[in-house]
Amino acid sequence: MRIERIELRKILLPYVTMFETSGWRETGSHAIIVRMEADGIVAWGESPTGESPFYNEENQKTGWVILQDYLVPMLLQTDLSSAWDVTPALARVRGNRMAKAGLEFTVWDLFARREKRSLASLLGGTRERVEVGVSVGIQKDIPTLLEVVGGYLDEGYTRIKLKIKPGWDIEPTRAVREAWPDLRLQVDANSIYHLSDAEHLAELDPFNLLLVEQPLAHDDIFDHAKLKPMLRSPLCLDESIVSPEHARWAIEMNACDIINIKPSRIGGLGDAIKIHDMAQAAGMPVWHGGMLETGIGRAVNVALASLPNFTLPGDISANDRYFKRDIVKNPFAINADSTLTVPTGIGHGAIVDEDYLDDVTLERWEIGA
Ligand code: SMG
Ligand code: MG
């Protein structure tokens with residue numbers, strides 16, 4: 001199959017509340033939305049880039065340039081026999097995985113639509129519902145944090161992740177644990193600590209956490225392997241695992257207990273499945289992370305999270321946790337058992353609200369084969 005037409009859009013879609021991590025704040029989605037046409041089929045995808053290159057090296061502006069100058073032209077020259085062909089076709093471009101993922105997701109949607117199958121079934125999904133939680137950003141004080149967490153629990157979520165940083169780590173985690181002794185609770189440091197902070201991080205040990213996510217540098221595996229035996233909390237890698245090779249290194253070095261899989265960080269669904277399978281073979285659980293995706297990327301994430309080794313709840317909350325109005329007509333709602341229902345229709349299942357997408361589009365670019 002040849003792709004006949006590709007359209008890219010830079011968007012700005014405001015969040016309901018500002019999201020703050022250990023190193024930056026985001027007030028809205030700065031994603032790049034992808035639309036493709038081939039064989040009379042229209043498909044949609046998303047590169048969930050941010051405003052700034054503070055999570056990884058990419059942002060909306062770098063994605064915009066790399067897609068137009070390299071990735072889109074390379075894809076238009078490729079004859080695709082399946083979506084697995086996208087990653088090798090773009091491999092000459094180093095890194096820029098989030099930009100690549102937007103194209104790769106869209107090609108998966110295209111093939112699923114062509115085969116009149118759901119994306120989840122094409123990926124090998126086995127679940128009808130996926131368990132999810134909420135990632136709670138850094139708050140101004142502990143009473144506010146308890147109120148915010150309580151609000152999400154009232155909505156039906158049963159797993160909470162707290163963003164932590166030096167000065168906002170042990171005490172907020174203790175406060176949430178004391179308020180809800182049985183809550184499934186985990187923390188994420190987004191690469192802000194150093195190996196010399198090991199004793200401090202061990203103060204999280206008594207709080208019975210599901211996991212501690214990415215305490216050390218965004219590109220580190222070596223020091224995480226040293227840190228792991230110094231903590232009782234299970235250690236999870238996010239930023240560091242950008243490819244199946246990185247996952248293999250982490251597994252062989254015993255650098256983590258758990259892997260957070262975000263297909264956008266890894267450059268696509270194909271390599272995400274490879275990591276899922278490799279972790280499963282090694283007896284290591286994975287869970288699905290999130291990049292505050294719009295309804296398009298969210299539907300892709302739900303499809304992937306339906307694979308069998310996603311055994312911990314994902315950072316895939318319902319659309320209204322992020323947006324007052326999303327760019328899709330069929331947002332996910334949280335079920336009473338803290339799950340989202342995996343779409344069974346054709347493709348990833350998100351129905352794009354093209355009028356509202358026009359409203360939030362900052363710039364549009366389109367090219368034919
Ligand atoms: O999508 O609900 C979500 C957010 C999940 O915390 C989340 N993501 O490091 O895991 C992570 C962060 C990255 C956010 S980048 C703005
Ligand atoms: Mg993380």
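Visitor: How much of the chain is buried?
Guide: Buried residues account for 59% of the 369 residues. Bear in mind that this is a predicted model.

Visitor: And what does the surface look like, in area?
Guide: About 14500 Å² of the chain is exposed, and carbon and sulfur atoms supply 50% of that.

Visitor: What secondary structure does the chain have?
Guide: The chain holds 13 helices and 15 strands. Its radius of gyration is 20 Å, close to the 21 Å from the globule rule for 369 residues, so the chain is as compact as a globular protein of that length.

Visitor: What are the spans along the principal axes?
Guide: The C-alpha trace spans about 55 × 40 × 35 Å.

Visitor: How many of the contacts join residues at least 24 apart?
Guide: 73%, counted among contacts between residues at least 6 apart in sequence.

Visitor: Charges next. How far apart are the mean positions of the positive and negative ones?
Guide: They are 3 Å apart, for 38 positive and 54 negative charges.

Visitor: Which domains does the assignment give?
Guide: Domain 1 takes in 5–116 + 350–368, and domain 2 covers 121–341. Over C-alpha atoms, the centres of domain 1 and domain 2 are separated by 23 Å.

Visitor: How many residues are in contact across the two?
Guide: On the domain 1 side there are 38 residues, in contact with 48 residues of domain 2.

Visitor: Let's pick a helix. Is H12 mostly covered or mostly open?
Guide: Helix H12, residues 295–305, is mostly covered, with 11 of its 11 residues buried. The buried residues of H12 include Arg298 and Asn301, along with Gly295, Ile296 and Val300.

Visitor: What about the other end of that helix?
Guide: Val302, Ala303, Leu304 and Ala305 of H12 are buried too.

Visitor: Where does Arg2 sit?
Guide: Arg2 is in the segment before strand S1, which runs 5–11. Its relative accessibility is 43%, so Arg2 counts as partly exposed: the value falls between the 20% and 50% limits.

Visitor: What does Arg2 contact, neighbours within four places aside?
Guide: Arg2 is in contact with Ala38, Leu76, Gln77, Thr78 and Asp79. As for Leu80, it is 78 residues from Arg2 along the chain, and their C-alpha atoms are separated by 6.3 Å.

Visitor: Any other pair like that, with a long sequence separation?
Guide: Take Thr87 and Leu269: 182 residues apart in sequence, 9.3 Å apart in space, C-alpha to C-alpha. Thr87 belongs to helix H2, and with a relative accessible area of 26% Thr87 is partly exposed.

Visitor: Which residues does Thr87 touch, not counting those up to four places away?
Guide: Glu104, Gly267 and Asp271.

Visitor: Now pairs separated by tens of ångströms. How far is Glu115 from Val136 in space?
Guide: Their C-alpha atoms are separated by 38 Å, with the two positions 21 residues apart along the chain. Glu115 lies in the loop between H3 and helix H4 (119–123), and at 41% relative accessibility Glu115 counts as partly exposed.

Visitor: And Ala91, where is that?
Guide: Ala91 lies in the loop between helix H2 (86–89) and helix H3 (97–114). Its relative accessibility is 40%, which makes Ala91 partly exposed. Ala91 and His200 are 109 residues apart in sequence, and 40 Å lie between their C-alpha atoms.

Visitor: Backbone angles, then. Which sign does phi have at Asn190, positive or negative?
Guide: Positive: phi of Asn190 is near 45 degrees, in a residue other than glycine. Most residues other than glycine have a negative phi.

Visitor: Where is Asn190, and is it buried or exposed?
Guide: Asn190 is in the loop between strand S9 (184–188) and helix H7 (198–201). With a relative accessible area of 8%, Asn190 is buried, since the cut-off is under 20%.

Visitor: What is phi at Ser191?
Guide: Phi of Ser191 is near 70 degrees, again a positive value in a residue other than glycine. Ser191 is found in the loop between S9 and H7.

How values were computed:
Residues are numbered from 1 along each chain as its sequence is written. Chains are lettered from A and ligands numbered from 1 in the order in which they are written. This is a predicted model: local features need pLDDT of at least 70, side-chain atom pairs count only at pLDDT 80 or more; totals for chains, interfaces and linings use all residues. Side-chain values use heavy atoms; hydrogens and water are left out. Helices (H or I, at least four residues) and strands (E, at least two) are DSSP runs, numbered from the N terminus. The radius of gyration is taken over C-alpha atoms; the globule rule is 2.2 Å times the number of residues to the power 0.38. Buried means under 20% relative accessible area, exposed over 50%, partly exposed in between (1.4 Å probe, protein chains only). Contact means heavy atoms within 4.5 Å. Accessible areas come from the Shrake-Rupley method with a 1.4 Å probe; for residues, only the protein chains shown count as cover. Lys and Arg count as positive and Asp and Glu as negative; His and the chain ends are not counted. The place of a charge is taken as NZ of Lys, CZ of Arg, CG of Asp or CD of Glu. Domain bounds come from an automatic or database domain assignment.
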